[in-house]
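This report walks through contacts between chains and within them. Start by looking at the model below.

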Amino acid sequence: MTLLTGETDVFDATSDGRCGVVFLARRRILASTSSAEASAGVRRALRELAGQGWQLSVAEMFGDHAEPAGYDTGFAHDVDVAGVFDAPDLTAALAGTVTLETAGWDQLFRTEWLIGPREFATVTSPRGRGPNNQWGFLALWEWNDAWHSATDAQRAAYDEECDVAFAADLAAGVSIAGRHRLDWASRWHHLGVWEVPDIELVTAAMREHEHVADFKFTTSRHYVGRLRALTDLLEG
Amino acid sequence: MPDVLWLHYSRPRSGWYELDAAARDEHLARFAAARRDSVESGGQCQGSWHVRGNSDYSTVETWLFPDPDAAFTHWIRLTEAGYPRWFAFANNIGLRA
């Protein structure tokens, strides 16, 4: 697959054909009986997708055996629940969103789904990963007019500057679940997902990304959320 | 029957307006070749419509593809032809309901 942007010192390309499925979901208010029925349907659909090779949490993308999980984002955003799955391929990803919606997800949430293939492999913090990574950070971005006007040399210099910030993120304890390419089916061009031990670390990291001028070439939208089992998030 | 709908909203980036006609034609020829390749590979372009009056974008193109990978490949052809350099975009994909 052609990369939208090149590999860097921090990020290695992967061509495993897997496909990210981002969900940005606003909770509907339902009668408890309807909600329980819808939740049960979604849990069945999740088991079905897991059986088809879906990874249903960021932890699974790093190779863990983990239960389906998402992030509780309502405290800071107009989105109540956010998260990312990794489907075996593009076709499975699209079909899976329909499976989930019809199984009951659509009754529980109004959802924006963003779908796109994985471009970069996961990168684990040198501090390792562990039970302390209770926060998630989702970054959506598009390359702006300045990036599109830049020369290859300017983009390479920019990538090197951003690598300084990414290396600092990793050293501080962030693990980055690679990068997915969304531009074929979205206004967003890329997704980055981080596992973070401490929400204050996100703020410090963004200061460093500002410092290296990460955002001169991007328009970005960021979400932070507390890790929760998806079964709990389905219940509200 | 093709099962995948692909919607492509676009508007020229500022730099497009600064190109002379010959440069624009050169780019447009490359984009047209990419679209032609996609049609020859099974895609069906149904046309382009102006939506500037009620949208953040200028036009919307609609395509039908046999599967999601064909839609993705079409977009790769356009990106390799340099299309996103000159046009901001928002794409969308749908499976037949």
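Two residues are in contact when heavy atoms of theirs lie within 4.5 Å. By that rule, and leaving aside neighbours within four places in sequence, B:H74 is in contact with B:W6, B:A34, B:R35, B:S38, B:W63 and B:F65. B:H74 sits in helix 2 of chain B. The relative accessible area of B:H74 is 0%, so this residue is buried. The model discussed here is predicted.

**The interface of chains A and B**

Helix 2 of chain B also takes part in the meeting of the two chains. Contact involves 20 residues of chain A and 20 residues of chain B. About 1700 Å² is buried between chain A and chain B. Carbon and sulfur atoms give 62% of that area. On the chain A side, A:L94, A:H148 and A:W184 lose the most area to chain B. Together they account for 34% of what that side buries.

How do helices pack here? Two packed helices are described by the angle between their axes and the distance between the axes. The axes of helix 3 of chain A (residues 90–108) and helix 2 of chain B (residues 68–80) come within 8 Å. They cross at roughly 120°. The two helices are therefore oblique to each other. Helix 3 of chain A contributes A:L90, A:T91 and A:L94 to the contact. Helix 2 of chain B contributes B:P68, B:D69 and B:F72. By class, four residues of this contact are nonpolar, one is polar and one is charged. A:L94 belongs to this helix contact and is also one of the three chain A residues that lose the most area to chain B.

How many salt bridges does the rule find across the interface of chain A and chain B? It finds one. B:R13 forms a salt bridge with A:D145, with the closest N and O atoms 2.6 Å apart.

**Salt bridges within chain A**

Side chains of opposite charge can pair when their charged atoms come close. Over all chains, the structure holds 15 salt bridges. Among them are these three within chain A:

| Pair | Closest N to O distance |
|---|---|
| A:D86 and A:R18 | 3.1 Å |
| A:R43 and A:E235 | 3.0 Å |
| A:R181 and A:E119 | 4.0 Å |

Take the pair of A:D86 and A:R18, a salt bridge at 3.1 Å. A:D86 lies in strand 3 (residues 81–87) of chain A, and A:R18 in the segment before strand 1 (19–27). The two are 68 residues apart, so the pair links distant parts of the chain. Both A:D86 and A:R18 are buried.

The side chains of A:R43 and A:E235 meet at 3.0 Å, N to O. A:R43 is in helix 1 (residues 32–51) of chain A and A:E235 in helix 7 (residues 230–235), so the bridge ties together parts 192 residues apart in sequence. A:R43 has 28% relative accessibility and so counts as partly exposed. A:E235 is partly exposed too, with a relative accessible area of 47%.

The side chains of A:R181 and A:E119 meet at 4.0 Å, N to O. A:R181 lies in strand 6 (residues 175–181) and A:E119 in strand 4 (residues 109–120) of chain A, so this pair ties together parts 62 residues apart in sequence. A:R181 is buried because its relative accessibility is 1%. A:E119 is buried as well, at 0%. Salt bridges that share partners also join A:R18, A:D86 and A:R118 into one network.

**Strand residues and a loop in chain A**

A:E142 is in strand 5 (residues 135–143) of chain A. Is A:E142 buried or exposed? Its relative accessible area is 14%, and under 20% counts as buried. Not counting residues up to four places away in sequence, A:E142 touches A:R187, A:W188, A:H189, A:F217, A:T218 and A:T219.

A:A229 is in strand 8 (residues 218–229) of chain A. At 13% relative accessibility, A:A229 counts as buried. Beyond its neighbours within four places in sequence, A:A229 is in contact with A:E67, A:P68 and A:A69. A:P68 is 161 residues away in sequence, yet the C-alpha atoms of A:A229 and A:P68 are 6.0 Å apart.

A:A213 is in the loop between helix 6 (199–211) and strand 8 of chain A. Phi of A:A213 is near 65°, a positive value in a residue other than glycine. A:A213 counts as partly exposed, at 25% relative accessibility.

Definitions and conventions. Residues numbered from 1 in each chain as written. Chains lettered and ligands numbered in written order. Predicted model: local features only at pLDDT ≥ 70, side-chain atom pairs only at ≥ 80, totals over all residues. Heavy atoms only, no water. Helix = DSSP H or I, 4+ residues; strand = E, 2+ residues; numbered from the N terminus. Buried < 20%, exposed > 50% of the residue type's maximum accessible area, 1.4 Å probe, protein only. Axes fitted to C-alpha atoms, helices over the stretch in contact; angles between N-to-C directions. Parallel < 35°, antiparallel > 145°, perpendicular 65-115°, else oblique. Nonpolar A, V, L, I, M, F, W, Y, C, P; charged D, E, K, R; others polar. Buried area = accessible area lost by both parts, 1.4 Å probe.
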